[in-house]
Each structure stands twice: as C-alpha cells, then as structure tokens.
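Here is a walk through one fold, starting in the middle of its sheet and working outwards. Keep the structure open as you read.

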Amino acid sequence: DKMEAIEDRERKKNFKILAKYVRSHLMRLSPPGYECQEDKGSWMLAFDRIDNGINFGLDLKENVMKNAKLLGDVDKSQVFRVGIHWGPFLSMGPHTVTGHADYFGPIVNRAARVAAQCEAGQICVGVPMGTDEEPPDPGPTVEVDVLGVKQLKGISIEMAIFGCRKKDKEEES
C-alpha cells in the first residue's frame with residue numbers, strides 16, 4: 001500500500017532526526033552520557049549518575065517538543081519513553097557491530113523492563129523493593145511520582161516504578 005510506504009519512509013526519517021537529538025544531548029552533559037547501542041529508534045545509554053540520566057530524558061523531551069521538525073502527524077511529546085535503572089553491571093565489552101561499550105548483567109534487563117512500564121512520553125525509574133535504595137532525587141526542579149509496585153517479567157524482585165517530570169514554575173517554590 002502506498003500510504004504505508006510513505007509512513008514507513010517518514011518513520012525512518014524521524015528516527016534519524018531523533019538520533020541527532022539524542023547524540024547531541026549526550027555530548028552536552030558534563031561528563032557526557034554514552035551511547036552503547038541503538039536499534040530502530042531504541043537507545044541504550046549510560047550515565048555516571050542517576051540524576052544525569054533523569055535530567056537527560058527530561059531535557060531531551062522538552063527540546064524535541066520545542067524544536068524537532070518531524071515528518072507526518074506526530075505527537076512530539078509521545079515519540080519515546082525512557083526507562084532508567086542504576087547499579088553495578090556484571091561485565092562490559094565491545095558491541096559486536098558498533099564497537100561501543102556493551103553492558104551485561106541484571107541492570108540492562110531491569111532498565112528495559114522499566115522502559116516497558118512507561119507510557120509513551122514518560123521518563124520512568126525503577127527501584128528494587130526490599131533494598132535500602134531510596135527513590136531517585138534528581139533535584140528541586142523535578143517531580144518524582146510513585147506509579148506503582150510491579151513484578152516485572154524475568155525479574156525476581158518487585159520494582160517500585162517512579163515517573164519523573166519537570167515541575168511547573170509554581171511547583172518549584
């Protein structure tokens with residue numbers, strides 16, 4: 001069908017546009033974030049601290065909504081979801097295709113499962129229950145809301161899922 005072919009071309013061009021936003025935002029951080037891999041508009045990124053990952057997601061969403069020129073009838077506030085989990089990785093080695101660092105261990109699976117819990121446009125953080133981990137504290141300009149406690153596929157412990165959003169100006173005071 002011609003319409004599907006046009007939509008597919010637009011989607012591929014939009015992925016390229018979004019990739020430029022992701023990569024340029026990674027380099028703006030100090031220290032910069034790191035792109036481990038990308039697969040059809042889904043990125044695995046690494047940050048030195050949890051708050052940098054949260055603020056990266058929030059800033060990226062805001063910038064894409066304000067500035068991205070995407071093709072087709074696209075709700076720019078809904079073009080991606082961000083799932084975040086922090087902790088140690090088991091090992092790291094070169095990705096077989098890109099040569100970039102590729103991380104292995106439960107942290108990778110948990111971040112993917114947290115992302116799957118997000119609705120389009122959400123930035124979510126997962127915290128394992130029954131540990132001493134506290135909810136994330138990304139700073140005074142970010143609101144962190146409890147979305148629920150869930151048993152995620154392939155993970156033996158329950159995870160508390162938090163949604164993060166920038167506070168409105170009135171909420172900051």
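## Strand E6 and its partners

Val127 has Ala160 in E8 as its bridge partner. Keep in mind that this is a predicted model, so every pairing described here comes from computed coordinates. The same E6–E8 pairing puts Cys124 across from Gly163 in E8. Taken as a whole, E6 and E8 pair in the antiparallel sense, with 6 bridges between them.

On E6's other flank is E3, and there the pairing is parallel, over 3 bridges. One of the matched pairs is Ile84 with Val125 in E6.

E6 is well wrapped up: 6 of its 6 residues are buried, so the strand is largely enclosed by the rest of the structure. Ile123, Val125 and Val127 point one way, while Cys124, Gly126 and Pro128 point the other way, and all are buried.

## The sheet as a whole

Put the strands together and you get an open sheet of 4 strands in the order E3-E6-E8-E7, with mixed pairing. E3 and E7 (142-150) are the edge strands, each pairing on one side only. Ignoring direction, neighbouring strands are turned by 25 degrees against each other on average.

At the E7 end, 8 bridges join E7 to E8, and the two run antiparallel. Two spots to look for are Gly148, which stands opposite Ile161 in E8, and Lys150, which stands opposite Met159 in E8. E8 itself is mostly covered, with 6 of its 8 residues buried.

## The nonpolar cores

What touches the most other members of the largest nonpolar core? Of its 21 residues, that would be Ile54, Leu60, Val64, Ile84, Ile123, Val125 and Cys164. The elements that give two or more residues to this core are helix H1 (2-28), helix H2 (50-67), and strands E3 (82-84), E6 (123-128) and E8 (159-166). H2 gives the most, with 5 residues. Apart from this core lies another, of 7 residues, including Val114, Cys118, Leu152 and Ile161.

For a view from the sheet side, take Ile123. Leaving out residues up to four places away in sequence, Ile123 touches Ile54, Gly57, Leu58 and Lys61, plus Val82, Ile84, Phe162, Gly163 and Cys164.

## Helix H2 and Ile54

H2 has 18 residues and reaches 26 Å from its first C-alpha to its last, close to the 26 Å expected at 1.5 Å a residue. Plenty of its residues are buried, among them Asp51, Asn52, Gly53, Phe56, Gly57, Leu58 and Asn63. Leu60 and Val64 are buried too, and both turned up above in the list for the largest core.

Ile54 lies in this helix. Is Ile54 buried or exposed? It counts as buried, because its relative accessibility is 0%. Beyond residues up to four places away in sequence, Ile54 touches Ile84, Ile123, Val125 and Cys164, along with Pro136, Pro138 and Val142. The C-alpha atoms of Ile54 and Gly83 are separated by 9.2 Å, although these residues are 29 residues apart along the chain.

## What about the cysteines?

A disulfide is a covalent bond between the sulfur atoms of two cysteines. How many disulfides are there here? The count comes to 0.

Why does Cys164 not have one? The cysteine sulfur closest to that of Cys164 is in Cys124, 7.5 Å away, and that is too far for a bond; the cut-off for a disulfide is 2.5 Å. Both of these cysteines are out of sight, though: Cys124 counts as buried because its relative accessible area is 0%, and Cys164 is buried as well, at 8%.

## Out at the surface

For contrast, have a look at Ala116, which is found in helix H3 (residues 106-117). Ala116 counts as exposed because its relative accessible area is 56%. Its C-alpha and that of Ser91 are separated by 23 Å, with the two residues 25 residues apart along the chain.

Terms used: Residues are numbered from 1 along each chain as its sequence is written. This is a predicted model: local features need pLDDT of at least 70, side-chain atom pairs count only at pLDDT 80 or more; totals for chains, interfaces and linings use all residues. Side-chain values use heavy atoms; hydrogens and water are left out. A nonpolar core is a set of buried Ala, Val, Leu, Ile, Met, Phe, Trp, Tyr and Cys residues joined through side-chain atoms within 4.5 Å. Buried means under 20% relative accessible area, exposed over 50%, partly exposed in between (1.4 Å probe, protein chains only). Contact means heavy atoms within 4.5 Å. Two strands pair if DSSP finds at least two bridges between them. Axes are lines fitted to C-alpha atoms, for helices over the stretch in contact, and angles run from 0 to 180 degrees between N-to-C directions. The expected span of a helix is 1.5 Å times one less than its number of residues.
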